[in-house]
Amino acid sequence: MMEKVYPMTLEGKEKLELELEELKTVKRKEIVERIKIARSFGDLSENSEYESAKDEQAFVEGRITTLENMIRFAQIIDNNNVSKDEVSIGRTVTFVELPDGDEEEYTIVGSAEADPFSGKISNDSPIAKALIGKKLKDTVIISTPGGDMEVRIEKIS
């Protein structure tokens, strides 16, 4: 069985490694301490602090496993062989919607790093899929759940 590959920037991988380290060295210890304190309250069957700490422990352990897997199968994106005026993962794209001219800017990253609220969109998103491989000043039709949108690429960095 082939494992899933996680395309990401070097910065994105380093961010995941920092999160993993934090979970393993700090969060685990905090949760173990919370469980120890909750156990001292006695009857575990009606102990909400104990249940809460156990739930958090399960979440953290799941996240650790997920992060380890993402890091192990990370594929660092190297744009050195891609033309500077071509959209690819790791690049920031500025485009204007046609005909009204609303400007938008996104950095295209792997799904592991996506954070739409900070302008980082997944390479699997409809916008990124439509833009990847296109060049500066190209006009592109982007199919979104809200309907088609026509844009012109203004800047790639």
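Strand β6 (residues 139–144) pairs with β7 in the antiparallel sense over 6 bridges. The two strands, β6 and β7, form a hairpin with 2 residues between them. At this hairpin, Thr 144 has Gly 147 in β7 as its bridge partner. The model described here is a predicted one.

Strand β7 (residues 147–156) is also joined to strand β3 (residues 92–98), again by 6 bridges, and these two strands run antiparallel. Within this second pairing, Thr 94 stands opposite Lys 155 of β7. Strand β7 thus has pairings with both β6 and β3.

**Annotated regions**

These strands belong to a chain for which UniProt lists domain features. An unreviewed entry gives "domain: Transcription elongation factor GreA/GreB C-terminal" at residues 83–157. For "domain: Transcription elongation factor GreA/GreB N-terminal", also in an unreviewed entry, UniProt gives residues 7–76. The secondary structure content and the separation of the end C-alpha atoms were computed for each span, as tabulated below.

| Span | Helix | Strand | Separation of end C-alpha atoms |
|---|---|---|---|
| Residues 7–76 | helix 79% | strand 7% | 6 Å |
| Residues 83–157 | helix 8% | strand 44% | 11 Å |

**Glu 17 and helix α1**

Glu 17 is located in helix α1, which covers residues 10–39. Is Glu 17 buried, partly exposed or exposed? Its relative accessibility is 34%, and Glu 17 therefore counts as partly exposed, since that class lies between the limits of under 20% for buried and over 50% for exposed. Along the chain, Glu 17 and Ile 71 are 54 residues apart, yet 7.3 Å separates their C-alpha atoms.

**The chain as a whole**

The secondary structure of the protein chain amounts to 3 helices and 7 strands. Read from the N terminus, the order of elements is β-α-α-β-β-β-β-α-β-β.

How does the radius of gyration of the protein chain stand against that of a compact globule of 157 residues? The chain has 21 Å, whereas such a globule would have a value near 15 Å. Along the principal axes, the C-alpha atoms fill a box of roughly 70 × 35 × 30 Å.

Of the 157 residues in the protein chain, 34% count as buried. The chain exposes about 9800 Å², and carbon and sulfur atoms supply 51% of that area. Among contacts between residues at least 6 apart in sequence, 47% join residues at least 24 apart.

Key: Residues numbered from 1 in each chain as written. Predicted model: local features only at pLDDT ≥ 70, side-chain atom pairs only at ≥ 80, totals over all residues. Heavy atoms only, no water. Helix = DSSP H or I, 4+ residues; strand = E, 2+ residues; numbered from the N terminus. Buried < 20%, exposed > 50% of the residue type's maximum accessible area, 1.4 Å probe, protein only. UniProt positions renumbered as here; feature names shortened; annotations may be inferred. Pairing = 2+ DSSP bridges. Rg over C-alpha atoms; globule rule 2.2 N^0.38 Å. Contact = heavy atoms within 4.5 Å. Areas by Shrake-Rupley, 256 points an atom, 1.4 Å probe, with all protein chains shown as cover.
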